[in-house]
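Reader: I am new to reading protein models, and I would like to look closely at a single part rather than at everything at once. Could you take me through one helix and its surroundings?

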Amino acid sequence: MNINNLEELLKVKRNTKMKLAVVACHDEEVLESVVESSKLGIAEPILIGDKEKTNEIAKEKALDISSFQIIDEKDLTLAAEIGVKLVSNGQANFIMKGLVDTSILLKAVLNKDWGLRTESLLSHVMVYEIPTYSKLLYLTDGGMNLKPNLEDKIKIINNSVIVAKALGRNVVKVACLAAKEKVDTKMEATVDASKIKNRYEEGEFQEGVIVDGPMALDLAISKKSAEVKGYISEVAGEADILLVPNIEMGNGIGKSITYFAEGKSAGIIMGAKAPIVLVSRADTHESKLYSIALGSAIANYL
C-alpha cells in the first residue's frame, strides 16, 4: 500500500474500524464528517458531548447516528477527560476535537495520570495533495510549535515519518528548510538543519529515512531548480517531508498550498499515544473527512 492521493486514503481496505472518540460532538460539520467516515468504514465513532444538541443536529441534517455510542456530557473539560480516558484505556483508537477549545483537549491529552503523553513532542503534520506535485507532501510543523529547538525538530521529524510510513512510504525523504543552502551562523535555521543532517549521517534516524539540509523550498520540491543551481542531493526535487524552522514559515507554506495551488489537505497531531484529529472550523467538509481517514490509518499502523 502506497497512498499517492487523499481519495485513496478513503478507500483503503480495513479489517476493522478504528474507534474514534469525538470530544464535544455537537458541531454540525464535525458530525457530518464523522457520520460519513462511519459509512465508508473508516471509523466507528463514540460521540461525547451535549446529547440533546447532537440529536437536534442529526435530525435537522438527516444524519443517522442511531448506531453510535453517545456519552452525554455538556461540560467541555469533562468531555475531554472522558475522550482521552477512552483512548488511554484502549476503548478507542484515536481522538477528534469537536466544539471544544484546543487548549482544553490538549490539557487532557497531557495529563500526567491518565493522559496520552509520551517522551516525544506534540507536533502538527499537514498532508497535502497538490496538482503540480507527483506525490503527497507532508508539512511540519505549521500548527503547534512556535520556534522548535534542535532536539524538538528531530522529534518533529520522527513524528512526521510515522505519518508518511502509515501511508505506505518505505523511503521517506526529509528536507530541512531554510532561506539558503549554505550554513550562516546568523541564520539559526541553517545551523540546525546542518546539525540534523550530521545526526542523520551518524545513523540517528530509522532505516528508510533520508534527511538533508539546509535547503530552500524550491530545491526541496523542484528537480529543475536543483539542476540549475547545481545542488546535488537525494532529497532535492523529491521531498516527502518539509521540516520548517518556525510556525510562520509552516503556516505560510500551508495556506499558500491551499489558496494559491488549490491543494487538498488532511491534518493530524502526533507525539501522543494515539493520533489527534484537530481540524479548523475553516476546513472544508472534505478536509475534515480526510483528516479522520488519516487518523484512522495512523492508529491502524501504530
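Author: What follows is a close look at helix α6, and then at a cavity that shares a residue with this helix. Please keep in mind that the model is predicted. Helix α6 covers residues 150-166, which makes 17 residues, and the distance from its first C-alpha to its last is 25 Å, close to the 24 Å expected at 1.5 Å a residue. At the start of α6, a side-chain oxygen of N149 comes to within 3.2 Å of the backbone nitrogen of E151, while after the helix comes G168, whose phi is positive, near 95 degrees.

Between these two ends the helix is mostly covered, since twelve of its 17 residues are buried, which in this case means under 20% relative accessible area. Among the buried residues are L150, I154, I156, I157, V161 and V163, and the list also includes K153, N159, S160 and K165.

Of these, K153 is worth following further, as K153 is one of the residues that line the largest cavity, together with C176, L177, A189, D192, A193, I196, L243, V244 and P245. That cavity holds about 40 Å³ of space, and the count of cavities of 30 Å³ or more comes to one. The elements that give two or more residues to its lining are β7 (172-177) and α7 (188-201), and α7 gives the most, with four residues.

Definitions and conventions. Residues are numbered from 1 along each chain as its sequence is written. This is a predicted model: local features need pLDDT of at least 70, side-chain atom pairs count only at pLDDT 80 or more; totals for chains, interfaces and linings use all residues. Side-chain values use heavy atoms; hydrogens and water are left out. The expected span of a helix is 1.5 Å times one less than its number of residues. Buried means under 20% relative accessible area, exposed over 50%, partly exposed in between (1.4 Å probe, protein chains only). A polar contact is a pair of N or O atoms within 3.5 Å; within protein, one must be able to donate a hydrogen and the other to accept it, and residues adjacent in sequence count only if both atoms are side-chain atoms. On a 1 Å grid over the protein atoms alone, a cavity is a set of points where a 1.4 Å probe fits but cannot get out, and a pocket is an open set with protein on both sides within 12 Å along at least five of seven lines; lining residues have an atom within 4 Å of a point. Grid points are joined across faces, edges and corners, and a volume is the space filled by probe spheres set on the points.
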